[in-house]
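Visitor: Hi, could you walk me through this one? I'd like to talk about the sheet and then the pocket.

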Amino acid sequence: MEQVKGVVKHMVLAKFKEGVPEEEIEKHIKDYANLLNHIEHMKSFQWGTDVSIENLHQGFTHIFEVTFETLDGRSAYVAHPAHVDFGTAFLTILEKIVVVDFVPTLVKL
C-alpha cells in the first residue's frame, strides 16, 4: 500500500437543523464553493447528498470534499479568514458536523 502523493482530502458531513429552508442551505453551499476563488490552496471542491440504501447516515444528509496538495495547504485553508468567516456562518445552520482529513492510500492487488 502506498499513500497518494500530492493529495489531501478534507471531508465534511453535515446534519442541518430542522426547519432550515432549502434556499438557505443552497446559499451556504454556493458560499462554500466560492472559497475556491479566495483560498489558493483549495484544488477542488465537490459536494453531494446521501444516496445510501443502508440508512446509516444518522441524519447527515450532505457531504463536502475539498482537495489539497499538502497538509500545510490544508492547514492554511483552515486558518484562512475567508474559511473562518464561512465556517462561523455555516455552523449556525448545522445541528451536527463531522470533519475528517486524510491522505488517500492505494491498495495494489
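Guide: Happy to; here is a short chat about the fold and the pocket.
Guide: This is a predicted model, where local features need pLDDT of at least 70, side-chain atom pairs count only at pLDDT 80 or more, and totals for chains, interfaces and linings use all residues. Residues are numbered from 1 along each chain as its sequence is written, and side-chain values use heavy atoms, with hydrogens and water left out.

Visitor: What is the strand order in the open sheet?
Guide: The four strands run β3-β4-β2-β5, with antiparallel pairing. Strands are DSSP runs of E, at least two residues, and helices are runs of H or I, at least four, numbered from the N terminus; two strands pair if DSSP finds at least two bridges between them.

Visitor: Which strands stand at the edges?
Guide: β3 (44-49) and β5 (94-102) do; each has a single partner strand, so one side of each lacks a neighbour in the sheet.

Visitor: And how many bridges join β2 to β5?
Guide: Eight, with β2 covering residues 8-16. M11 stands opposite V100 in β5.

Visitor: Which strands does helix α1 touch?
Guide: Helix α1 (residues 22-34) packs on the sheet against β2, β3 and β4 (62-68), where contact means heavy atoms within 4.5 Å.

Visitor: New topic: which element gives the most to the lining of the largest pocket?
Guide: That is α3, with seven residues. A pocket here is an open set of points on a 1 Å grid over the protein atoms alone, where a 1.4 Å probe fits, with protein on both sides within 12 Å along at least five of seven lines; lining residues have an atom within 4 Å of a point.

Conventions
Axes are lines fitted to C-alpha atoms, for helices over the stretch in contact, and angles run from 0 to 180 degrees between N-to-C directions.
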